[in-house]
Amino acid sequence: QVLFVDLPGYGYAKVSKSRRDQWGELIEDYLENRKQIIQVVLLVDIRHEPGEHDKMMYDWIHHYHEQVIVVATKADKIKRSQLQKHISIMRKGLNMKEIDILIPFSAKTKQGREEIWDVFSSKLQQGGISNDAL
């Protein structure tokens, strides 16, 4: 069985600081203590340079996982001619390592969808889980 878990946003939710702090503790506990986690995926908006929260989360994920998968959302909102520039800004802004994967993605156009599924499939196989679980 494979589960996808969407954790609360760390910087953009319109909630009190105390609630956000509670979420932070929940997320940290979940990611530190769930040994069956195969991969954590960081979602960022490709239109903007990574902010402090993005950098902190990237570093935190890297602390627990050798490889970070960054899905850069809203790729349909930038011109195709600007895509490589934005990818470079994202990689540099997060100080991404060579082993990391960055996938530009658009829910609207489905850009990057197959690449994401290919990465997930590979990770599952490495974890000894059949693709049928997807």
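Two strands pair if DSSP finds at least two bridges between them. With that rule, this predicted model has an open sheet of 3 strands in the order 1-2-3, with parallel pairing. The edge strands are strand 1 (41-45) and strand 3 (101-104), and each of these pairs on one side only. From one strand to the next, the twist averages 25 degrees.

**Strand pairing**

Strand 1 and strand 2 run parallel and are joined by 5 bridges. Strand 2 and strand 3 also run parallel, with 4 bridges between them. Specific partners can be named for both pairings. Leu43 has Val71 of strand 2 as its bridge partner. Towards strand 3, Val70 is partnered by Leu102, and Ala72 by Pro104.

| Residue | Bridge partner | Strand of the partner |
|---|---|---|
| Leu43 | Val71 | strand 2 |
| Val70 | Leu102 | strand 3 |
| Ala72 | Pro104 | strand 3 |

**Helices on the sheet**

Two helices are described here in turn. Helix 2 (residues 52-64) packs on the sheet and touches strand 1 and strand 2. The direction of helix 2 makes about 165 degrees with that of strand 1. Helix 3 packs on the sheet as well, touching strand 1, strand 2 and strand 3. The direction of helix 3 makes about 145 degrees with that of strand 3.

**Connections**

What handedness does the β-α-β unit of strand 1, helix 2 and strand 2 have? This unit is right-handed. Strand 2, helix 3 and strand 3 make a right-handed β-α-β unit too. Strand 2 thus takes part in both units.

**Burial of strand 2**

How many of the 5 residues of strand 2 are buried? The count is 4, so strand 2 is largely enclosed by the rest of the structure. Buried here means under 20% relative accessible area. The pairing fits into the same picture: strand 2 has bridges to strand 1 and bridges to strand 3. Helix 2 touches strand 2, and helix 3 touches strand 2.

**The loop before helix 3**

Where does Gln82 lie? Gln82 is in the loop between strand 2 (69-73) and helix 3 (83-94). The relative accessible area of Gln82 is 28%, so this residue counts as partly exposed; the buried class ends at 20% and the exposed class begins over 50%. Met96 is 14 residues apart from Gln82 along the chain. The C-alpha atoms of Gln82 and Met96 are separated by 19 Å.

Conventions:
Residues are numbered from 1 along each chain as its sequence is written. This is a predicted model: local features need pLDDT of at least 70, side-chain atom pairs count only at pLDDT 80 or more; totals for chains, interfaces and linings use all residues. Side-chain values use heavy atoms; hydrogens and water are left out. Buried means under 20% relative accessible area, exposed over 50%, partly exposed in between (1.4 Å probe, protein chains only). Axes are lines fitted to C-alpha atoms, for helices over the stretch in contact, and angles run from 0 to 180 degrees between N-to-C directions. Contact means heavy atoms within 4.5 Å. A crossover is right-handed if, with the strands pointing away from the viewer, the path from the first strand over the helix to the second runs clockwise.
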